[in-house]
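Q: I have a new model on my screen and would like to learn how to read it. Could you take me through it feature by feature?

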Amino acid sequence: MSWGTELWDQFDNLEKHTQWGIDVLEKFIKFVKERTEIELSYAKQLRNLSKKYQPKKNSKEEEEYRYTSARAFLATLNEMNDYAGQHEVISENMTSLITGELTRYVQELKQERKSHFHDGRKAQQHIETCWKQLEASKRRFERDCKEADRAQQYFEKMDADINVTKADVEKARQQAQLRHQMAEDSKAEYSSTLQKFNSEQHDHYYTHIPHIFQKIQEMEERRIVRIGESMKTFAEVDRQVIPIIGKCLDEITKAAESIDHKNDSQLVIEAFKSGFEPPGDVDFEDFTQPMKRTVSESSLSNSRADGKSEPKFGGKSKGKLWPFIKKNKGAGPEDFSNLPPEQRRKKLQQKVDELNRDIQKEMDQRDALTKMKDVYIKNPQMGDAASVDHRLAELGQNIEKLRLEVQKFEAWLAEVEGRLSMRSEARRQSGLYEAQNPSAVNSCAQDRESSPDGSYTEEQSQETEMKVPATDFDDEFDDEEPLPTIGTCKALYTFEGQNEGTISVAEGEMLYVIEEDKGDGWTRIRRNEDEEGYVPTSYVEVYLDKNAKGAMTYI
């Protein structure tokens, strides 16, 4: 199967076909180039997507990634980043192994094709020239034969005419002989030219053209093989990254399987547990008859004697859901006293751990400088030992300051932990007491009502037990008599009291204190006869009357 023998007369069609082959190759190059651009664009979009959902540094989002589900999502984002990298690898490999190589090959192919068809046209022009020479020789031979026939006929006519002179007859005979000689010469030339043309034509169609067409065939077959290899490379480039992409997907699956719903639920408890007790039961208030209370019947008399009857907050129920008080967004106090007990304990513990890490860093620097100083002392040529003394002194002062800070925060932490343990113990004892004395539960609930966190603390219990009952009772309800003023206070910060039992204050506002902080972080204040409520103690500066409970100031 050879184009030279099978397609000897299809020069023009072969020229068109080979041009089509080059067009197909260029079309494939363009296809691969667009594929690489798509891969790069896809990789870029994946990277941007992963970056968009990455947690911002030093933001609240970072704290959320302690949950296993959030960490799994973060792992997915990181793996998608690696996934995008593999698509960049696909683009790079296709550009270098296919697009670049085929572009150079197409240029070489065009040059080779041009050379082969130039040789073909040259051979075609040569055989056409030989054919023209043969045609010219043939026409000359034909003309000379006709001229010889006419000369012979003229001679015979002159020879038969008796009126023509002998000289004219001889002249006609010589002319006929000359024309015959010329016809013979033309015949010989035509015969020679014909033999030469046949030889050239044979060489043209059986040697030159087959040879040229064979080269064109080989060129075209190489092009077909090359585009096939490029298509294999196209698939192989994808196949090479499949294992890595598979690992990325495996890591995403592994991250998903690492999600622990129980652990996340426990983290929610640790993050938001306030440490407050749920509010106690609300007592039934009987308005049909005066309430006769004794110490044995209710602890409300003790509360009355201490001037702690509940105020009226616009006729609202006395039950308060203190655990749901909205947190203030402003900067809190250093000891985190504005936070619920459990959250305060966590913040203090974090602060202690942070300070201990800072102390360790400072001590490591001090140890390193001490070793350097020892080296300088042993080898004075390496440096001046006295040059590090100033820095060592600074480190010593920093360590001492940090230790004092640790002691301060540890004291606050011990205080909070002690309170929490006391509260837990009180809760346990309260449960035992309620089981043994069900009839006394309602009176205890009223005492718990006086605390903003709704809890019943051991301190409050002891304080109530030590109270002496009032000697005189009137028939009015306790909550209808306003508490006496025991001092004044100045608001250090603005507080938005959006929960029942709280009151809003503006920074710099002066108000009256009617109940001081009992260790729960809340102070009870009054603006006028109809407006009173609780504010965080850390938000006000309290000035107690000396004749009330001694001069004390809370900041």
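A: Gladly! Keep in mind that this is a predicted model. Let's begin with helix α5: its 92 residues, at 1.5 Å a residue, should span 136 Å, and its end C-alpha atoms lie 132 Å apart, which agrees.

Q: Where does α5 bend, and by about how much?

A: Look at H204: α5 bends there by about 45°.

Q: What span should helix α4 have, and how far apart are its end C-alpha atoms?

A: The reasoning is the same kind of length check. Helix α4 covers residues 68-160, and its 93 residues at 1.5 Å each should span 138 Å; the end C-alpha atoms are 134 Å apart, so expectation and model agree. This helix has a kink too, of about 35° and centred on T95.

Q: How should I read charged side chains along a helix?

A: Two general ideas help. Side chains of opposite charge can pair when their charged atoms come close. An α-helix has 3.6 residues a turn, so residues three or four places apart point the same way. In α5 (residues 166-257), R223 and E220 are 3 residues apart, which means that about one helical turn separates them. Their side chains meet in a salt bridge, with 2.5 Å from N to O.

Q: Are R223 and E220 buried or exposed?

A: Both R223 and E220 are buried. For contrast in location, turn to helix α9 (residues 389-436), where E394 and R391 also sit 3 residues apart, about one turn of the helix. E394 and R391 form a salt bridge whose closest N and O atoms are 3.1 Å apart.

Q: Why do E394 and R391 count as partly exposed?

A: The class runs from 20% to 50% relative accessible area. E394 has 31% relative accessibility, so it is partly exposed. R391, with a relative accessible area of 33%, is partly exposed as well.

Q: How many salt bridges does the count come to?

A: The count comes to 23 salt bridges. One of them joins the side chains of R526 and E532, at 3.0 Å from N to O. R526 counts as buried because its relative accessibility is 10%, under the 20% cut-off. E532 is buried too, at 7%. Salt bridges with shared partners link E515, R524, R526 and E532 into one network.

Q: How do I read a sheet, and in what order do the strands come here?

A: Strands of a sheet pair through backbone hydrogen bonds, either parallel or antiparallel. Here 5 strands make an open sheet with antiparallel pairing, in the order β4-β3-β2-β1-β5. The edges are β4 (532-536) and β5 (540-544); each has a single partner strand, so one side of each is left without a neighbour in the sheet. On average, neighbouring strands of this sheet are turned by 40° against each other, direction ignored.

Q: How many bridges join β2 to β3?

A: There are 3 bridges between strand β2 (residues 510-515) and strand β3 (residues 522-526), and the two run antiparallel. To find one, start at E515: its bridge partner in β3 is R524. You have met both names already, since E515 and R524 belong to the salt-bridge network with R526 and E532.

Q: Last topic: cysteines. How many disulfides does the structure have?

A: A disulfide is a covalent bond between the sulfur atoms of two cysteines. A search of the whole structure finds 0 disulfides. As for the setting of individual cysteines, C130 is buried, with a relative accessible area of 7%, whereas C145 is partly exposed at 26% relative accessibility.

Note on methods. Residues are numbered from 1 along each chain as its sequence is written. This is a predicted model: local features need pLDDT of at least 70, side-chain atom pairs count only at pLDDT 80 or more; totals for chains, interfaces and linings use all residues. Side-chain values use heavy atoms; hydrogens and water are left out. A disulfide is a pair of cysteine sulfur atoms within 2.5 Å. Buried means under 20% relative accessible area, exposed over 50%, partly exposed in between (1.4 Å probe, protein chains only). Two strands pair if DSSP finds at least two bridges between them. Helices (H or I, at least four residues) and strands (E, at least two) are DSSP runs, numbered from the N terminus. Axes are lines fitted to C-alpha atoms, for helices over the stretch in contact, and angles run from 0 to 180 degrees between N-to-C directions. The expected span of a helix is 1.5 Å times one less than its number of residues. The bend at a residue is the angle between axes fitted to the seven residues ending there and the seven starting there. A salt bridge is a side-chain nitrogen of Lys or Arg within 4 Å of a carboxyl oxygen of Asp or Glu.
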